[in-house]
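Welcome, and please get your viewer ready. We will go from stop to stop, selecting something at each one and saying what is there.

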Amino acid sequence: MTQTRQPQRIHNPTSIDTAALCAAIAADGKVIVQFGEHFDAAPLLAELDALAASCGAALGIRFYGYHFTPFDAAILRALPHVANLSLDCHTSAVKLETLGELRHLKRLQLGVYEMLEHDILALENLRALEYLSLGETRKANIDLAPLRHWPQLAQLNTTGHVKNIAAITALPALAQLSLSQVKSKDDVDFIDTMPALKQLRFILGGRTSIAHVAAPLLEDLEVVRVRGLEDLGDIGRFPRLQRLSVEDQIKVQEVRLGENPALAWLILRNCKALARLHGVAALPALGNLAVYLTQLDIDALLAGGLPAALKHLTLTTGKRKRDEEIKAQLAALGYVKARFY
């Protein structure tokens with residue numbers, strides 16, 4: 001998804017400065033207080049819980065990086081009011097069923113590599129979640145079937161977990177979906193029937209084509225480092241698309257833009273076989289175009305005409321001398337540097 005400003009992180013604090021945390025939340029909208037494996041967070045949790053009761057999901061509480069000892073989720077009983085919780089980068093964990101006691105939880109990031117509780121999402125209180133991120137596990141077998149009962153879920157990030165993923169198709173609020181490490185044999189046709197999907201991300205995993213994937217309300221599409229991908233299909237099938245980012249796709253040879261009247265951002269990064277870009281001159285809303293390490297003919301691209309709305313433009317080949325020439329040429333044409341993010 002489009003990158004946003006990262007929240008302030010407070011690592012292994014020795015005390016809780018409530019006033020400072022409240023001020024940071026007021027300024028940035030979110031603060032994360034995080035604890036690593038060898039830090040005893042227990043003495044601070046009562047104060048953090050009181051703050052969570054007043055700040056809600058704006059206060060993130062994170063326990064991470066338990067590599068040598070299992071993370072004991074029983075500690076969560078000291079945080080009954082937590083709304084935004086991350087348990088990630090753990091090798092193993094015990095008593096994860098304690099998650100079922102957190103009645104105010106709205107956001108959950110869960111990453112335990114040796115996770116045994118494949119049915120963890122069946123915990124009834126999790127039905128109120130608005131955000132869920134599932135990290136990599138050894139067996140990638142977390143059952144997603146319970147998600148059909150999560151009417152408030154707006155964003156789902158899953159790393160390899162696709163068991164019963166079609167359960168999400170009818171969710172009325174699910175607008176953002178990130179599919180990471182999805183295998184080529186895994187069917188993604190369910191995307192076509194998602195009623196509210198606006199942001200979609202494919203990252204890692206593998207498949208040769210996403211040309212059949214459709215989402216009529218989609219506004220943001222990212223395709224990053226998907227192994228073997230050759231065909232994006234006609235981008236015109238996404239009539240509301242505002243942002244397209246294609247990165248690290250070494251087999252994609254062309255990008256075919258269609259009637260994309262809302263497309264304002266186009267990022268093509270490290271697509272070393274990309275030699276053809278069709279339809280860019282006809283994009284009425286394109287304001288930002290960033291191209292890095294492709295086979296596109298820069299002179300032909302400029303000679304073919306660019307949209308009048310285009311103000312931010314970067315064209316980079318990776319060859320220093322040539323890039324300096326292009327930079328000077330674009331500046332003379334009145335363009336300013338485009339942003340990749």
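## First stop: a loop and a cavity

Select Leu204, which sits in the loop between β11 (199-203) and β12 (220-224). Keep in mind as you look that this is a predicted model. Leu204 is not a glycine, yet its phi is positive, at about 60°. Is Leu204 buried, partly exposed or exposed? Its relative accessibility is 31%, so Leu204 counts as partly exposed, because partly exposed covers the range between under 20% (buried) and over 50% (exposed).

Now keep Leu204 selected and add Leu179, Val182, Phe202, Gly205, Gly206, Arg207 and Val226. Together with Leu204, these residues line the largest cavity. How many cavities of 30 Å³ or more does the structure hold? The count is 1, and the largest cavity encloses about 30 Å³ of space. Try colouring its lining by residue class: you should find 5 nonpolar residues, 2 polar and 1 charged.

## Step back: the whole chain

Clear the selection and show the protein chain as a cartoon. You can look for 4 helices and 18 strands. The radius of gyration is 23 Å, close to the 20 Å that the globule rule gives for 341 residues, so the chain is as compact as a globular protein of that length. If you draw a box around the C-alpha atoms along the principal axes, the box comes to roughly 65 × 45 × 35 Å.

Next, switch on the surface. The protein chain exposes about 15700 Å², and carbon and sulfur atoms supply 52% of that area. What share of the 341 residues is buried? Buried residues make up 49% of them. Among contacts with a separation of 6 or more, 36% join residues that are 24 or more positions apart.

## Second stop: a proline in a loop

Go back to the cartoon and select Pro13, in the loop between β1 (8-11) and α1 (18-28). Pro13 has a relative accessibility of 9%, so it counts as buried. Which residues does Pro13 touch, not counting those up to four places away in sequence? Add Val33, Gln34, Phe35, Phe39 and Leu44 to your selection to see them. For a distance to try in the viewer, pick the C-alpha atoms of Pro13 and Gly29: the two residues are 16 apart in sequence and 20 Å apart in space.

## Third stop: two more loops

Select Arg77, which lies in the loop between β4 (71-72) and β5 (84-90). With 49% relative accessibility, Arg77 counts as partly exposed. Leaving aside neighbours within four places in sequence, Arg77 is in contact with Thr98 and Glu101. Draw a line from the C-alpha of Arg77 to that of Thr98: it spans 7.1 Å, although the two are 21 residues apart in sequence.

Then move to Ala140, in the loop between β8 (131-134) and β9 (155-159). Ala140 has a positive phi, near 45°, and is a residue other than glycine. At 24% relative accessibility, Ala140 counts as partly exposed.

## Fourth stop: a leucine in a helix

Select Leu301 in helix α3 (residues 298-303). Buried or exposed? Leu301 has 11% relative accessibility, so it counts as buried. Beyond the neighbours within four places in sequence, Leu301 is in contact with Leu277, Val280, Leu306 and Leu315. Leu301 and Leu315 are 14 residues apart along the chain, and their C-alpha atoms are separated by 9.9 Å.

## Last stop: a pocket

Keep Leu315 selected, since it takes us to the second largest pocket. Its lining is made of Leu313, Thr314, Leu315, Thr316, Asp323, Glu324, Lys327, Leu330, Ala331, Tyr335, Val336 and Lys337. Two elements, β18 (312-316) and α4 (320-332), each give two or more residues to this lining. Which element gives the largest share? That is α4, with 5 residues.

The second largest pocket holds about 300 Å³ of space. Colour its lining by class, and you should see 6 nonpolar, 2 polar and 4 charged residues.

Key
Residues are numbered from 1 along each chain as its sequence is written. This is a predicted model: local features need pLDDT of at least 70, side-chain atom pairs count only at pLDDT 80 or more; totals for chains, interfaces and linings use all residues. Side-chain values use heavy atoms; hydrogens and water are left out. On a 1 Å grid over the protein atoms alone, a cavity is a set of points where a 1.4 Å probe fits but cannot get out, and a pocket is an open set with protein on both sides within 12 Å along at least five of seven lines; lining residues have an atom within 4 Å of a point. Grid points are joined across faces, edges and corners, and a volume is the space filled by probe spheres set on the points. Ala, Val, Leu, Ile, Met, Phe, Trp, Tyr, Cys and Pro count as nonpolar, Asp, Glu, Lys and Arg as charged, and the others, Gly among them, as polar. The radius of gyration is taken over C-alpha atoms; the globule rule is 2.2 Å times the number of residues to the power 0.38. Buried means under 20% relative accessible area, exposed over 50%, partly exposed in between (1.4 Å probe, protein chains only). Contact means heavy atoms within 4.5 Å. Accessible areas come from the Shrake-Rupley method with a 1.4 Å probe; for residues, only the protein chains shown count as cover.
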